[in-house]
Amino acid sequence: MGFIFLLGSVLFGVGLVRRIFPWSTVAERLFWGITTGVVLSIWAVYLLSRVASELHLTSIVIISISMLGGSGYLWWNQPPAFDRRSIKESLLENIPLLTLIAFFLPVFIYIFSIGMFREQGDGWYLAADYYDMVLHLLIASSFSFGKNFPPSYLLMSGEPMRYPFLADFHASIFLTTGWEIWSSFAITGILLSFTLAGTFYCFAKRISKSGWAAFYSGLIFLLNGGFGFVFFLRDWYSGNRSLYESFFNLKEDYTAWEKHGLSWANIIPTVMVPQRTMLYGLPIGFTVLALIAIYWFSTEEEDRTKETKIDPRLVLGFAGVLTGLLPSFNMHSYMSIGIIAGILFLLRCRKEWIYFILPSVILAIPQVFSLEGTFGSSSFFHLQLGWKSHLVNNNVPYFILLNFGLPIVLIFPALFFSQRSVRLFYIPFLALFVICFVFRISPNDSDNSKLLFFWYAATAVVVGSWLHRALSKAIFTPLLLL
C-alpha cells in the first residue's frame with residue numbers, strides 16, 4: 001500500500017504541474033510535480049486523520065485512490081508523446097541534469113543506506129548527528145501508534161507540538177502501511193534528496209538559461225564546505241593510510257570541525273539524513289523560487305516576447321499556495337521565502353504579487369500561530385554579530401572565507417559580469433546572509449545555516465553561470481580563431 005500511495009502522489013503531482021504549466025520543461029514537470037504531489041498528499045492524509053483523531057490505513061487508501069484517480073484524469077486527456085524524436089530531444093536537452101543526477105544519486109543512496117536506522121545483533125545503529133533522527137522517529141511513531149491528534153510534543157508532557165512535524169508524518173504514513181523503520185525514512189529520504197537536486201537544477205536553469213551552467217551551479221551547491229578539505233589533506237599526508245581509506249573513514253567532519261572554526265557543514269551528510277524537515281523545506285523552497293524567478297525575469301523587456309504563454313497570476317498563485325503549506329514542513333524555509341519574496345516585491349511593486357501574498361499568508365497563519373510559543377520566545381532573533389566567528393577570535397572576514405571558500409570570492413566578479421536583473425534578484429539572498437551575521441535566529445546558533453542555504457543557492461547559481469560563460473569562451477574562442 002505504501003508504494004501505491006507514493007506512486008499516486010508522484011503521478012498526481014506531475015500531472016497537475018503538466019496541466020497547469022504546459023510551457024514547463026520535462027525536468028520541471030518531474031521535480032515540481034514530485035514536490036507538489038508529496039506536499040498535497042501529506043496534507044490530505046493529515047487533515048483526514050485530524051478529523052478522525054487517528055492515522056488509519058483507511059485514510060491512506062482513500063487518498064491513494066483519489067490521487068490515482070486524479071492522475072488518471074490529468075493524464076488521460078493529454079497523454080504524453082513517446083515517439084523516438086521527442087524522447088531523443090528530451091535526453092539531449094537534459095544531459096547536464098542527467099549528469100548531475102548520475103553523480104549524486106549514488107551518494108544519496110549510500111548515505112541513507114548506512115546512515116539511517118539499521119538493526120544489528122546487539123541493537124539499532126544510526127549514523128546521524130546527535131539525537132535528530134531519534135526525535136524524528138519518536139514523532140513519526142506517535143502518529144502511527146500513539147494516536148497523537150491533535151499533535152502534542154511528547155518530550156514535554158502536556159505541551160502542544162511546536163515543531164514542524166509533517167516531514168515525520170510522511171514517514172508515519174508508511175509505518176502505518178506496514179513498512180519497516182528503515183524503509184519508511186530511507187526511501188522517502190532518497191526520493192526527497194533526488195528531488196532537492198532536481199528542483200535546485202530547475203531553479204538554476206531558469207536564472208542562468210543554460211543547462212550546463214545549472215550543472216556547475218549544482219556542483220557548487222551540493223559540494224559546499226569551504227576550506228575544510230585543507231585539514232583533510234593535512235591529516236591524510238601526515239597519516240599512514242591511503243587516500244581511499246582516509247576518504248571513506250573520516251576522522252572528523254571536515255566541513256563542521258568547530259575546533260578549527262568550521263561551521264558551514266556540507267548539505268549531504270548533515271542535512272539530508274538528520275535534518276529531515278530541511279529535506280522537505282528545500283525542494284519546496286526551490287520550486288517556489290523557480291516560479292518567482294520565472295515571473296521576475298518575464299517582466300524584463302527583452303523576455304516578454306519569449307514568455308507570452310506564462311500567466312503571472314497562475315505562476316505566483318501556485319507559488320503562494322506551496323509557500324502557504326510550507327511552515328508545518330520547515331519554518332526556516334518559510335521565513336527565507338518570506339524575506340526573499342518581500343524584498344523582491346519592494347524592488348518591483350506590481351499588482352500581480354497579490355496572488356502570491358494572499359495564499360502564502362492566509363494558509364500559513366494557522367500553522368504559524370501553532371508555532372508561536374516557540375518562535376515568539378526571546379531566545380529567537382537575538383543579536384549575535386558575526387554569527388559563529390567567535391570560534392576564530394571574532395575574525396569575521398577569516399571566518400567567512402574559511403567556511404564559504406572560493407564561491408565567496410568569485411561572487412564579486414560573477415555579479416559584476418551578470419545582467420542587471422540578476423543582480424537585483426540576488427539582493428534579497430544577500431539580505432539573508434547579512435541577517436544571519438547580525439542575528440541568531442534561534443536558541444541554537446547553528447540554525448542560521450538553514451537560512452544561509454538559500455543565500456548559498458543563489459550564490460552558487462550566479463557563480464556557476466559566470467564560470468560556465470568563462471569556460472565556454474576559454475574553450476571556443478581559440479577554436480574560432482583557428
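In the predicted model, S64 is located in helix α3, which comprises residues 57-77. With a relative accessibility of 1%, S64 is classed as buried, because this value falls under the 20% cut-off. Apart from neighbours within four places in sequence, the residues in contact with S64 are M1, I4 and F5.

The loop between α2 and α3 contains S53. This residue has a phi near 60°, a positive value in a residue other than glycine. S53 follows just after α2, and at 38% relative accessibility it is partly exposed. Helix α2 itself covers residues 26-52, and its 27 residues should span 39 Å at 1.5 Å a residue. The end C-alpha atoms of α2 are 38 Å apart, in agreement with that expectation.

A positive phi is also found after α6, where K147 has a value near 50°. K147 is not a glycine, and its place is in the loop between α6 and α7. Its relative accessible area of 52% makes K147 exposed, because the cut-off for this class is over 50%. The loop between α6 (132-145) and α7 also holds P150. The peptide bond that joins F149 to P150 is cis, with omega near -10°.

For α6, the 14 residues should span 20 Å at 1.5 Å a residue, and the end C-alpha atoms are 20 Å apart, which agrees. The buried residues in α6 are M133, L135, H136, L137, I139, A140, S142, F143 and S144. These buried residues of α6 pack against three helices, namely α7, α8 and α13.

Two of these partners, α7 and α8, were examined as a pair. In general, the packing of two helices is described by the angle between their axes and by the distance between those axes. Helix α7 (residues 166-176) packs with helix α8 (residues 181-208) at an angle of about 135°, and the axes are 9 Å apart. The two helices are therefore oblique to each other, and α7 passes α8 in a right-handed crossing. On the α7 side the meeting residues are D168, H170, A171, F174 and L175, and on the α8 side they are I181, S184, F185 and T188. By class, this contact of α7 with α8 consists of five nonpolar, three polar and one charged residues.

The packing of α15 with α21 was described in the same terms. Helix α15 (residues 331-347) and helix α21 (residues 420-436) meet at an angle of about 135°, with 9 Å between their axes. This angle lies outside the ranges for roughly parallel, roughly antiparallel and roughly perpendicular helices, so α15 and α21 are oblique to each other. The crossing of α15 past α21 is right-handed. Helix α15 contributes S336, I339, I340, I343, L344 and L347 to the contact, while α21 contributes L424, F425, I427, P428, F429, A431, L432 and I435. The residues of this contact comprise 13 nonpolar, one polar and no charged.

Several residues of the contact between α15 and α21, among them L344, L347, L424 and F425, are also touched by W296. W296 is situated in helix α13, which extends over residues 276-298. Its relative accessible area is 1%, and W296 is therefore buried. When residues up to four places away in sequence are not counted, the contacts of W296 are L344, L347, R348, S421, L424 and F425. The C-alpha atoms of W296 and C202 are separated by 15 Å, and the two residues are 94 residues apart along the chain.

A buried position also occurs in the loop between β4 (439-440) and α22 (448-481), which contains S442. The relative accessible area of S442 is 2%, which means that this residue is buried. S442 and F381 are 61 residues apart along the chain, and their C-alpha atoms are separated by 6.3 Å.

Terms used. Residues are numbered from 1 along each chain as its sequence is written. This is a predicted model: local features need pLDDT of at least 70, side-chain atom pairs count only at pLDDT 80 or more; totals for chains, interfaces and linings use all residues. Side-chain values use heavy atoms; hydrogens and water are left out. Helices (H or I, at least four residues) and strands (E, at least two) are DSSP runs, numbered from the N terminus. Buried means under 20% relative accessible area, exposed over 50%, partly exposed in between (1.4 Å probe, protein chains only). Contact means heavy atoms within 4.5 Å. Axes are lines fitted to C-alpha atoms, for helices over the stretch in contact, and angles run from 0 to 180 degrees between N-to-C directions. Angles under 35 degrees count as roughly parallel, over 145 as roughly antiparallel, 65 to 115 as roughly perpendicular and the rest as oblique. A crossing is left-handed if the near helix is turned anticlockwise from the far one by less than a right angle, and right-handed if clockwise. Ala, Val, Leu, Ile, Met, Phe, Trp, Tyr, Cys and Pro count as nonpolar, Asp, Glu, Lys and Arg as charged, and the others, Gly among them, as polar. The expected span of a helix is 1.5 Å times one less than its number of residues.
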